[in-house]
Amino acid sequence: MEKKFKLGVIGAGFMSTAIVKGAILSSAIDSDKIIVSDLNQQSLDLMAKNGVSVTTDSKFLADNSEYVLFAVKPQNLDAVLSVIKDCECKKFISIMAGVKKLKIKNALGKVFVARCMPNTPCSVGLGAVGLDLSDFDNETDCDFIKMLLSSFAEVVLVEEEKMHAVTGVSGSSPAYFYLFLKGIIEAGVSQGLSYDEAKLLSTATMIGAGEMVMQNKDKTLDELINSVCSKGGTTIEAIKTYNENHLDEITKKAVEACVNRSKELENL
C-alpha cells in the first residue's frame with residue numbers, strides 16, 4: 001500500500017533541515033511528501049516554513065512514511081526506537097554518528113537500514129556524504145536514497161566499517177579547513193592586510209582550489225601543487241616550510257585522533 005509520505009524525518013535540527021531543504025530545492029521530493037517529527041514545537045514551526053508536514057508523533061510518522069530518516073542525537077535514539085517499535089515502515093536511513101545499523105535492526109526487527117555520514121557543508125548544498133547501502137538490494141530503493149543525498153552533497157559508497165574513516169576525512173574535516181584558513185587569515189593580517197581583505201582573498205581561494213581539484217580529476221594533487229610552484233619563485237618557499245614542519249604527519253595524526261574517538265563513541 002502506498003504511504004502518504006515518501007520521507008519521514010525524525011528530528012528537526014540543523015542537519016535534518018539541510019536535508020529537507022536540499023531535497024525540496026533540487027526537486028528530489030515534493031514538500032507535501034515529507035513529514036518531520038520533533039518534541040520541540042519551535043523547531044517544528046521553523047521546519048513547517050519549508051512547506052512540509054510536521055508532528056510530535058514519531059509513531060504516526062513511521063507508520064505513514066515509505067522511508068524514515070533518523071536525525072536525532074545518538075543519546076536520544078533509544079527513546080525514539082521505543083516509540084516507533086512495531087511501526088509499518090521497514091526502510092530506514094540513519095545519519096547518526098557512532099550508531100551501528102545493528103542497533104536499529106535489533107530494536108525494530110526485520111528492517112533495512114542505510115547508514116550515512118554527512119557534514120555541515122550539506123547545509124549550503126556543497127557537502128560530502130559517506131553512504132553504506134549494503135542492506136538494500138532493490139535498485140529503486142538504492143536510487144532513491146542516493147538521489148536524496150546527492151541533492152545536497154557528493155556521495156561516496158562505502159562499507160559500514162569505513163564510517164569511522166569517513167568521520168575523520170569528511171565528517172569532521174570542515175573544522176580542519178576552518179582552522180587552516182584562520183591561520184592564513186591571521187598571517188595575512190600580520191603582513192599588512194586588513195582582516196576582511198585577508199578573509200575574502202583566502203576564502204575565495206580555498207573554494208576555487210577545491211573546485212579545481214574536482215574539475216581536474218585526471219591530475220594528481222602533486223601535479224596541481226607543482227602547477228602553482230615556479231622554480232625559484234614564491235610559492236615553493238611556502239611549500240618547503242610546510243614540508244620541513246611535517247604538515248602531512250600532523251594531518252595524519254589529527255585524522256587518526258578523530259577516528260579513534262569515533263570508535264570509542266561507537267563502543268559506549
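The following conversation concerns a predicted model and its cores, ring pairs and second largest pocket.

Colleague: Let us start with the interior. How many residues does the largest nonpolar core have?

Modeller: The largest nonpolar core has 34 residues. Those with the most contacts inside this core are Ile 29, Val 36, Leu 69, Ile 145 and Leu 148.

Colleague: Which elements each supply at least two residues of this core?

Modeller: They are S1, helix H1 (14-25), strand S2 (34-37), helix H2 (41-48), strand S4 (65-70), S6, S7 and H6.

Colleague: What is Ile 29 in contact with, leaving aside its neighbours within four places in sequence?

Modeller: Ile 29 is in contact with Lys 6, Leu 7, Ala 23, Ile 24, Ile 34, Phe 144 and Leu 148.

Colleague: And Leu 7, is it buried or exposed?

Modeller: Leu 7 is buried, because its relative accessible area is 1%, and buried means under 20%. This residue is found in strand S1 (residues 5-10). With neighbours within four places in sequence left aside, the contacts of Leu 7 include Ile 29, Ile 35, Tyr 67, Leu 69 and Leu 148.

Colleague: How far apart in space are Leu 7 and Lys 21?

Modeller: From C-alpha to C-alpha they are 13 Å apart, with their positions 14 residues apart in sequence.

Colleague: Which residues does the second, separate core include?

Modeller: That core of 21 residues includes Phe 5, Ile 84, Met 96 and Leu 108.

Colleague: Changing topic to the rings: how many aromatic pairs are there?

Modeller: The count comes to four aromatic pairs. In one of them, the rings of Phe 112 and Phe 136 have their centres 5.8 Å apart and their planes at 40 degrees.

Colleague: Why is that pair tilted?

Modeller: The angle of 40 degrees places the pair between the two limits, so the pair is tilted: planes under 30 degrees apart would count as stacked and those over 60 as edge-to-face.

Colleague: Where do the two residues lie?

Modeller: Phe 112 lies in strand S6 (residues 112-117), while Phe 136 is in the loop between strand S7 (127-132) and helix H6 (139-150). The pair therefore ties together parts that are 24 residues apart in sequence. Phe 112 is partly exposed at 34% relative accessible area, whereas Phe 136 counts as buried at 7%.

Colleague: What about Phe 180 and Tyr 242?

Modeller: These two form a tilted pair, 5.9 Å centre to centre with 45 degrees between the planes. Phe 180 lies in helix H8 (residues 173-190) and Tyr 242 in helix H11 (residues 235-244), so the pair joins parts that are 62 residues apart in sequence. Phe 180 is partly exposed, with 39% relative accessible area, and Tyr 242 is partly exposed, with 33%.

Colleague: Which ring does the charged end of Lys 6 sit over?

Modeller: The charged end of Lys 6 sits over the ring of Phe 144, 4.9 Å from its centre. In addition, Lys 91 lies over the face of Tyr 67, at 4.7 Å from the ring centre.

Colleague: One residue more: where is Ser 94?

Modeller: Ser 94 is in strand S5 (residues 91-94) and is buried, with a relative accessible area of 1%. Not counting residues up to four places away in sequence, Ser 94 touches Phe 70, Ile 104, Ala 114, Arg 115 and Cys 116.

Colleague: Finally, how many residues line the second largest pocket?

Modeller: The second largest pocket is lined by 26 residues, and Ile 10, Gly 11, Ala 71, Val 72 and Lys 73 lie nearest its centre. The elements giving two or more residues to this lining are H1 and helix H4 (77-84). About 680 Å³ of space lies in the pocket.

Terms used: Residues numbered from 1 in each chain as written. Predicted model: local features only at pLDDT ≥ 70, side-chain atom pairs only at ≥ 80, totals over all residues. Heavy atoms only, no water. Helix = DSSP H or I, 4+ residues; strand = E, 2+ residues; numbered from the N terminus. Buried < 20%, exposed > 50% of the residue type's maximum accessible area, 1.4 Å probe, protein only. Contact = heavy atoms within 4.5 Å. Phe/Tyr/Trp six-rings, centres within 6.5 Å; stacked < 30°, edge-to-face > 60°. Lys NZ or Arg CZ within 6 Å of the ring centre and 35° of its normal. Core = buried A, V, L, I, M, F, W, Y, C linked by side-chain atoms within 4.5 Å. 1 Å grid on protein atoms, 1.4 Å probe; cavity = no way out; pocket = protein on both sides within 12 Å on 5 of 7 lines; lining within 4 Å. Points joined across faces, edges and corners; volume = space filled by probe spheres on them.
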